[in-house]
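Got your viewer open? Let's take a short walk through the charged pairs, one selection at a time.

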Amino acid sequence: MKRYIIIVAGGKGVRMGGDVPKQFRLLNGKPLVMTTIENLSAMDVTMRIILVLPNDQLKYWDELCAQYEFSVPVKVVAGGTTRFHSVQNGLAAIDDADEALVGIHDGVRPFLAMKVFDELFREAAINGAVVPVVPVNDSMRRFIGGQGATEPVLRDRYRLVQTPQVFKLSILRKAYEQRYVEEFTDDASVVEKMGEFVHVVDGNRENIKITTPFDFVLAKAIVECLTQQPET
C-alpha cells in the first residue's frame with residue numbers, strides 16, 4: 001500500500017516565547033519542522049509528505065525553503081481553525097482512490113526512531129489503526145473532588161501517547177467525516193469515537209514534542225547524543 005504522512009505544524013510559538021513559531025525555530029542549523037520532514041523522508045523515500053501550515057505562514061515557508069535550499073518533495077496545504085480541521089485539510093489533499101496508509105505526525109517531533117516507524121506502518125497494514133506509546137515514569141495522582149482532593153493511581157495502567165499515529169486511509173476518512181467535538185485530543189480519539197479499536201506499539205522516549213524552551217534544550221542534547229551514537 002502507498003504511504004502518506006500528514007505533518008501538522010500549526011504552532012504560534014506562545015509557549016516557546018518570541019515571535020518565531022516553534023516549528024520554525026532553528027535546531028541543528030535549520031528550522032525544526034525541516035528536520036522532522038528530512039528524518040521522515042529518509043525512512044521511506046517513496047512516502048508522500050503533506051505539510052499543513054497556518055494560511056499566514058505559507059509564504060514564510062516558501063522563503064525558508066529558498067533560504068535553506070530545502071529540496072524534500074512536500075505538498076503544502078493551509079490548516080484550519082483547530083488541529084482536527086487541519087487534519088481534515090491534509091486528508092483532502094490525498095486524491096488516492098485506493099487503500100493506503102496515512103500517518104499523522106506533529107511537526108515538532110523530529111526524533112522518531114526508524115524501528116518505531118517501521119512497526120507503526122506494519123501494524124497499521126494489519127490492524128488499521130495504531131499509535132506509539134511510552135510508559136509513565138513519574139508517580140501519578142488524580143483529582144477526585146472540587147476541593148483539591150487527590151488519590152494515587154497505578155502508573156503501569158497508563159501510557160503517554162506520541163505521533164505519528166497511523167491508520168488505513170478508509171478508516172481515517174470516515175472518522176474525519178464526524179462533527180468536531182472538544183474531546184478530540186488526537187487522531188486516535190477521533191477514530192475511536194466511531195467505534196474503531198486503536199492498537200498500540202512501543203514508541204521511543206526521544207520522540208518528544210518540542211513546545212517549551214526546556215524542550216528545546218533537551219532537543220539539542222538529543223541531537224548531540226544521536227550524532228555521537230548511531231541508532232542500532
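**A salt-bridge tour**

Search this predicted model from end to end and seven salt bridges turn up. We'll stop at a few of them.

Start by selecting Asp187 and Arg83. Their side chains form a salt bridge, with 3.0 Å between the closest N and O atoms. Now colour by helix: Asp187 sits in helix α6 (residues 187-193), while Arg83 belongs to helix α3 (residues 83-92). The two partners are 104 residues apart, so this pair links distant parts of the chain.

Switch on a surface and look at that pair again. Is Asp187 buried or exposed? Asp187 has 0% relative accessibility, and because the cut-off for buried is under 20%, Asp187 counts as buried. Arg83 comes in at 27%, which means it is partly exposed.

Next, select Asp106 and Arg109. Here is another salt bridge, at 2.8 Å from N to O. Both Asp106 and Arg109 are buried, so you may want to hide the surface again to see them.

Keep those two on screen and bring back the earlier pair. Which residues are linked in a network of salt bridges? Arg83, Asp106, Arg109 and Asp187 are. Show the four as sticks and you have the whole network in view.

For the last stop, select Glu151 and Arg142. The closest N and O atoms of this salt bridge are 2.7 Å apart. Put the surface back: Glu151 is partly exposed, with a relative accessible area of 26%, and Arg142 is partly exposed too, at 46%.

Note on methods:
Residues are numbered from 1 along each chain as its sequence is written. This is a predicted model: local features need pLDDT of at least 70, side-chain atom pairs count only at pLDDT 80 or more; totals for chains, interfaces and linings use all residues. Side-chain values use heavy atoms; hydrogens and water are left out. Helices (H or I, at least four residues) and strands (E, at least two) are DSSP runs, numbered from the N terminus. Buried means under 20% relative accessible area, exposed over 50%, partly exposed in between (1.4 Å probe, protein chains only).
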